[in-house]
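Visitor: I'm new to this one, and I'd like a close look at a single part before anything else. Could you walk me through how a pair of strands fits into its sheet, and then show me what lies around it?

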Amino acid sequence: MIDWGWLAGHVDAIAYRTGQHLYLAAIAVGVGFAISLVLALVAARRRVLYPPISALAGILYTIPSLALFAALISITGFSVVTAEVPLVMYTLVILVRNIVAGLDGVPAEVLEAADGMGHTRRQRLWRVELPLAVPLIVAGLRLATVSTIGLVTITGTISDAFGGLGYFILDGYHRGGFPTEMYAGALPSILLALGADFLFVRAQRRITPWAQTRALEATAS
Amino acid sequence: MGVGASRAAVVEYQHVSKRYAAARPQRGSPAAPGAVNDLSLTVPAGKICVLVGPSGCGKTTSLKMVNRLIEPTGGRILVDGVDVAGRDATELRREIGYVIQQVGLFPHQTIGANVAVVPRLLRWPAARQRERAEELLALVGLEPAIYRDRYPAQLSGGERQRVGVARALAADPPLMLMDEPFGAVDPIVRERLQNELLRLQAELAKTILFVTHDIDEAIKMGDLVAVMQAGGRLEQFGPPAQILAAPASAFVAEFVGADRGLKRLSLSRVGDVALQPVVTARVGDPAGEARARTFADPFPYLLLLDAADRPIGWISQRHVPASGVLEASLATPMSPLLDRRTTLKDALSMMLDADVQTGIVIDRTGRLRGVLSVEAIAAALRPDADPGAIAAGTAGAGG
């Protein structure tokens with residue numbers, strides 16, 4: 001079934017494509033998070049803007065990626081920008097909604113106490129609201145990262161220069177179905193997604209010890 | 001820095017109003033809940049002023065206008081003579097302690113960090129913030145070594161509210177605003193927290209504005225009580241004894257309740273009324289001599305004390321032996337032990353519980369000071385007995 005010879009001859013290529021896959025996904029999530037944070041903070045401060053922002057992110061999510069690639073190639077050519085624009089767009093709907101939900105979830109009495117003790121708007125946001133939104137923000141990042149790692153594959157349709165591990169899947173398909181090559185693309189991609197998710201869970205435990213206190217108490221008693 | 005050396009502010013409301021724009025103005029409709037109508041009162045430095053009234057009477061609005069969480073639509077509020085409207089709101093709030101019913105601790109910060117919130121906003125050095133947080137945790141009865149590094153979710157409701165009080169005191173503010181601070185804890189914890197706040201206040205002497213809907217809490221906590229009515233009107237402002245003895249309106253009389261006579265009992269303490277002497281003898285005293293003395297007294301019991309004058313219990317006249325010495329086993333400890341700080345209300349309640357007519361009053365070392373009878377309490381209740389006069393008057397001595 002598996003062509004070990006092919007695998008042995010393509011170790012370097014697989015390593016290169018794995019790195020490319022991570023790189024494309026990391027840029028997409030990073031840029032998507034930065035844009036989402038700005039949009040969410042605007043929406044949180046000016047409540048009337050939230051429905052249109054949320055709706056726009058939702059509409060962007062519905063645009064088929066292949067159509068978007070075709071349209072973008074005429075503007076940005078076969079560049080990394082063409083690959084990243086759809087990936088970034090698809091992270092927005094998840095991240096904006098989760099960040100806003102995280103900010104909304106801060107209890108009213110905590111905000112009242114923060115105001116009553118003399119926090120400025122900015123101090124309240126950075127010292128109280130955002131830290132308390134971290135669990136939901138990280139939940140959004142996990143979802144966005146896993147889905148982006150899956151989506152990087154389709155950037156291979158722009159050109160062979162992109163696609164990360166998806167290159168092997170597409171190439172194997174075009175050869176009339178070469179299972180070894182398709183596995184070589186799919187399996188590492190799945191492992192990347194699982195690994196990234198695991199790292200986020202670990203990171204969240206580190207930065208939000210307070211959210212684990214109930215669990216800690218349960219183990220202590 | 002010492003927690004005892006503190007300043008207190010004077011708060012003046014001058015014709016303060018807050019009107020809320022009604023969604024649909026209707027003629028003759030009652031004022032919007034939370035509205036305040038021409039409120040004028042002065043809270044002297046170092047006193048607890050309780051704003052009390054039914055929900056929607058504007059008491060919380062009145063409180064929040066002091067630290068500008070709500071802005072008045074008319075009049076002005078002066079703190080130490082300075083109009084708060086002219087102050088920067090965040091700066092002002094850092095100088096005023098603020099305690100709310102739901103506490104509002106920051107869940108993502110340790111207890112130590114929560115207490116040091118205002119010092120951190122004021123950019124105190126980190127070491128001083130830590131030191132101050134520990135000092136205040138100890139002050140409110142939470143062992144710093146145990147609580148400092150915990151998170152709010154690991155504390156009980158009562159412990160959290162103590163942290164809330166410690167947090168409000170952190171920057172040693174001359175004024176504290178407390179909005180139903182003990183409204184969310186169970187009655188036993190509430191009573192304990194009330195007593196602790198009174199103990200703290202005896203030491204700190206802050207000016208405290210305290211909001212509650214509970215008239216009993218108002219009477220217990222307030223040096224001054226402001227009774228407010230729906231529509232944000234001040235109905236009566238004065239010491240609790242005056243409000244109970246002479247309600248200014250039918251509304252106040254109804255609000256303080258038909259049992260306002262009984263409530264006055266909670267304003268007087270055992271030390272405020274004259275105690276009665278009682279025939280006593282010590283363990284080991286000759287019984288015959290004691291028997292003679294107790295039969296010479298109309299009260300038919302002898303109170304037996306130990307060698308240090310601490311009460312052991314009663315011996316009925318008829319059971320005092322004619323000879324030999326008095327032994328502890330002869331006495332029955334039935335009466336409740338009271339001290340001078342026990343309120344008359346608590347004293348009466350303890351006497352009723354024990355099904356006796358007298359309570360034994362002891363001093364701090366447990367030695368007998370005298371006896372308090374139900375009759376003496378009843379005398380304090382008589383309409384002509386102004387509780388203020390009782391409080392100022394006779395220091396009981398006897399026994």
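Guide: Let's start with strand 1 (residues 11-18) and strand 4 (residues 74-79) of chain B, which pair in the antiparallel sense over five bridges. Keep in mind that this is a predicted model. To find the pairing by eye, pick out S17(B): its bridge partner in strand 4 of chain B is G74(B).

Now zoom out a little. These two strands belong to an open sheet of four strands in chain B, in the order 2-1-4-5, with antiparallel pairing. Strand 2 (36-43) and strand 5 (82-83) of chain B stand at the edges, and each has a single partner strand, so one side of each has no neighbour in the sheet.

The sheet is just one piece of its chain. Chain B has 16 helices and 16 strands, and its C-alpha atoms fill a box of roughly 85 × 55 × 35 Å along the principal axes. Of its 399 residues, 49% are buried.

Further along chain B there's another antiparallel pair to look at: strand 12 (residues 301-305) and strand 13, joined by five bridges. Here L303(B) stands opposite W314(B), which is in strand 13 of chain B. Strand 13 (residues 311-316) of chain B is mostly covered, with five of its six residues buried. The two strands make a hairpin with five residues between them, and D309(B) in that turn has a positive phi of about 65°.

D309(B) has a second role in the picture, since its side chain meets that of R282(B) in a salt bridge (2.7 Å, N to O). That pair links distant parts of the chain: R282(B) is in strand 11 (residues 280-282) of chain B, D309(B) is in the loop between strand 12 and strand 13 of chain B, and they are 27 residues apart. R282(B) is partly exposed at 36% relative accessibility, and D309(B) is partly exposed too, with a relative accessible area of 22%.

Chain A is built from other parts: 10 helices and zero strands. Its C-alpha trace spans about 70 × 50 × 20 Å along the principal axes, and buried residues make up 44% of its 221 residues.

Follow helix 5 (residues 80-104) of chain A for a moment. Its 25 residues should span 36 Å at 1.5 Å a residue, and the end C-alpha atoms are 35 Å apart, which agrees. Even so, helix 5 of chain A has a kink of about 35°, centred on L92(A). Since 19 of the 25 residues are buried, helix 5 of chain A is largely enclosed by the rest of the structure.

D104(A), in helix 5 of chain A, forms a salt bridge with R47(A), and the closest N and O atoms are 2.8 Å apart. R47(A) sits in the loop between helix 2 (11-45) and helix 3 (50-62) of chain A, so this pair links distant parts of the chain, 57 residues apart. D104(A) is partly exposed, with a relative accessible area of 45%.

One last stop is on the surface of chain A, where a nonpolar patch has about 980 Å² of accessible area together, with W4(A) and Y183(A) among its residues. Helix 9 (residues 179-207) of chain A gives the most to that patch, with five residues. Y183(A) lies in helix 9 of chain A and counts as partly exposed, at 44% relative accessibility.

Key: Residues numbered from 1 in each chain as written. Chains lettered and ligands numbered in written order. Predicted model: local features only at pLDDT ≥ 70, side-chain atom pairs only at ≥ 80, totals over all residues. Heavy atoms only, no water. Pairing = 2+ DSSP bridges. Patch = residues over 30% accessible without salt bridge, like charges linked within 9 Å, V, L, I, M, F, W, Y side chains within 5 Å. Areas by Shrake-Rupley, 256 points an atom, 1.4 Å probe, with all protein chains shown as cover. Salt bridge = Lys/Arg side-chain N within 4 Å of Asp/Glu carboxyl O. Buried < 20%, exposed > 50% of the residue type's maximum accessible area, 1.4 Å probe, protein only. Expected span 1.5 Å × (residues − 1). Bend = angle between axes of the 7 residues up to and from the residue.
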